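The exercises below are meant to be worked with the sequence and the 3D view side by side. Try each task before reading its solution.

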Amino acid sequence: MKLAAELDVLFSEQQIAARVGELAAQIEADHRGKDLVLVGVLKGAFVFMSDLARKIDLPLAVDFIALSSYGEATESSGIVKITSDLTRPIEGKHVIVVEDIIDTGLTMRYLLDNLATRHPASVKICSLLSKPSRARTRIPVRYLGFEVPDQFVVGYGLDAGEKFRNVPFVGVVKAVGDS
């Protein structure tokens, strides 16, 4: 894959697959017999959520919500807006918000506050990645794939200007002159 040549691998396809399986097992153990809904945060979480949902051996529903705080930039603007909302009510349901990365936490804080007004039975976060060095608010991530350093990461659903989402691993763009 040509795109992959532009990246340094941070987490390989195999590492991600193994961790997704572990997260799915944790979610199963915590939610047996519960009315479970996975809510994917678009666009970045779509690959992760697809793999995660297929590994969870429980009845579940899926839905998506799209939020924007970045636009075309690589830094959050701090202003969050819902660009596409859930299609069904979550009242009384056990919700797992599936996110690609928790960075500053501001977008997730907005989403958690918004979802609370919809009266779910519970809301937990499952994030593939967390960047604790950039946190500006505390976010309780119940199911976490990996912590990442303060670098702009792409791949496995994460993008840079809509590029790299289809790379099967998580990486960082190589510096000019790297080979």
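**Exercise 1. Place Ala 61 in the fold and decide whether this residue is buried, partly exposed or exposed.**

Solution. Begin with the element: Ala 61 belongs to strand S3, which covers residues 60-68. The model is a predicted one, and the relative accessible area computed for Ala 61 is 25%. Buried would require a value under 20%, and exposed a value over 50%, so Ala 61 counts as partly exposed.

**Exercise 2. Find which residues Ala 61 touches, and how far Ala 61 lies from Ala 25 in space.**

Solution. Leaving aside residues up to four places away in sequence, Ala 61 touches Leu 36, Val 37, Leu 38 and Arg 88. For the second part, Ala 25 is 36 residues from Ala 61 in sequence, and their C-alpha atoms are 17 Å apart.

**Exercise 3. Describe the overall fold, starting with the order of its elements.**

Solution. First, the protein contains three helices and nine strands, and from the N terminus on they follow the order β-α-β-α-β-β-β-α-β-β-β-β. Next, consider the dimensions: along the principal axes, the C-alpha atoms fill a box of roughly 55 × 35 × 25 Å. The radius of gyration is 16 Å, which agrees with the value near 16 Å that a compact globule of 179 residues would have. Finally, turn to the contacts: of those with a separation of 6 or more, 68% are accounted for by residues 24 or more positions apart.

**Exercise 4. Identify the residues that touch the most other members of the largest nonpolar core, and the element that gives the most to this core.**

Solution. As background, nonpolar side chains in soluble globular proteins tend to be buried together. In this protein, buried residues make up 45% of the 179 residues. The largest nonpolar core has 29 residues, and Phe 48, Leu 52, Leu 128 and Leu 129 touch the most other members. Several elements each supply at least two residues of this core, including helix H1 (13-31), helix H2 (46-55) and strand S6 (122-130). Among the contributors, H1 gives the most, with five residues. A second core, separate from this one, has 17 residues, among them Val 37, Leu 67, Val 95 and Leu 115.

**Exercise 5. Determine how far apart the mean positions of the positive and negative charges are.**

Solution. The protein carries 21 positive and 23 negative charges, and the mean positions of these two sets are 2 Å apart.

Definitions and conventions. Residues are numbered from 1 along each chain as its sequence is written. This is a predicted model: local features need pLDDT of at least 70, side-chain atom pairs count only at pLDDT 80 or more; totals for chains, interfaces and linings use all residues. Side-chain values use heavy atoms; hydrogens and water are left out. Helices (H or I, at least four residues) and strands (E, at least two) are DSSP runs, numbered from the N terminus. The radius of gyration is taken over C-alpha atoms; the globule rule is 2.2 Å times the number of residues to the power 0.38. Buried means under 20% relative accessible area, exposed over 50%, partly exposed in between (1.4 Å probe, protein chains only). Contact means heavy atoms within 4.5 Å. Lys and Arg count as positive and Asp and Glu as negative; His and the chain ends are not counted. The place of a charge is taken as NZ of Lys, CZ of Arg, CG of Asp or CD of Glu. A nonpolar core is a set of buried Ala, Val, Leu, Ile, Met, Phe, Trp, Tyr and Cys residues joined through side-chain atoms within 4.5 Å.
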